[in-house]
Amino acid sequence: MALSRSQSGRKNRFEEAEFQGNIVRLIAIERKPEKALDALCAHYRVERPILRIGLPRGEKRALGCYVRRERAIYISSEDYLFDPYVLIHEFYHHLRHVDGKHRGTERHARDFALSFLRNAQRTVASRSDGLN
Ligand SMILES: [Zn+2]
């Protein structure tokens, strides 16, 4: 074990930031939300949710929503399919549902998704810094 705990912690945080940045780019730039979901599920080791376009009956105003009994993420329209915030936010509800803790709140879902967006900006910035 050459790495001290703090060094490996730092490395893990960097890798997590890279991962989150890549997810955002996969959705927004490569426009592959299905592939992003595969990567998210592999990363967090959870079953794959179904991805549907449209909203479930009774839901009219949301941009997206997660339906537990169907294990499905609904995205209101194709435009929002490529909005990383919406997909990652709804993925958070799936994550909190399948791990059985049921602790997911809207605030946590928002913070989770915003962390991805921040890390996407940060990893792009650090990459272009290297070019001088
Ligand atoms: Zn939500």
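**Figure 1. R71 sits in the loop between β2 (64-67) and β3 (72-75).** Helices and strands here are DSSP runs (helices H or I, at least four residues; strands E, at least two), numbered from the N terminus. The model is predicted: local features need pLDDT of at least 70, side-chain atom pairs count only at pLDDT 80 or more, and totals for chains, interfaces and linings use all residues. Residue numbers start from 1 along each chain as its sequence is written. The hairpin of β2 and β3 has four residues between the strands, and within it R71 takes a positive phi near 50°. R71 is a residue other than glycine. R71 counts as partly exposed because 15 other C-beta atoms lie within 10 Å. The classes are set by the number of other C-beta atoms within 10 Å of a residue's own: 20 or more is buried, 12 or fewer is exposed, and in between is partly exposed, with C-beta atoms placed from the backbone.

**Figure 2. Strand β3 pairs with both β1 and β2.** Two strands pair if DSSP finds at least two bridges between them. β1 and β3 run parallel and are joined by four bridges. β2 and β3 are also joined by four bridges, but run antiparallel. On the β1 side, L51 stands opposite I73 in β3. On the β2 side, G64 has I75 of β3 as its bridge partner.

**Figure 3. The buried residues of α2 line one face of the helix.** Those residues are P33, A36, L37 and L40. Seen down the axis of α2, they fall within an arc of 100°, so they share one face. The arc is taken over the directions from the helix axis to the C-beta atoms. E34 and A42 are exposed on the other side of α2. How far apart are the end C-alpha atoms of α2? They are 16 Å apart, which agrees with the 16 Å that its 12 residues should span at 1.5 Å a residue. The expected span is 1.5 Å times one less than the number of residues.

**Figure 4. R45 takes a positive phi just after α2.** The residue lies in the loop between α2 (33-44) and β1 (50-53). Phi of R45 is near 55°, and R45 is a residue other than glycine. Is R45 buried or exposed? R45 is exposed, because 8 other C-beta atoms lie within 10 Å.

**Figure 5. L37 of helix α2 contacts R48, P49, L51 and F91.** This list leaves aside neighbours within four places in sequence. Contact means C-beta atoms, placed from the backbone, within 7 Å. L37 counts as buried because it has 23 C-beta neighbours inside 10 Å. L37 and L51 are 14 residues apart in sequence, and their C-alpha atoms are 8.7 Å apart in space.

**Figure 6. The largest nonpolar core has 20 residues.** A nonpolar core is a set of buried Ala, Val, Leu, Ile, Met, Phe, Trp, Tyr and Cys residues joined through C-beta atoms within 7 Å. The residues with the most contacts inside this core are I23, I27, A36, L87, I88, F91 and F116. α1 (5-28), α2, β3, α4 (84-98) and α5 (106-129) each supply at least two of its residues. Which helix gives the most to this core? α4 does, with six residues. I88 touches I23, F112, A113 and F116, not counting residues up to four places away in sequence.

Key:
Contact = placed C-beta atoms within 7 Å.
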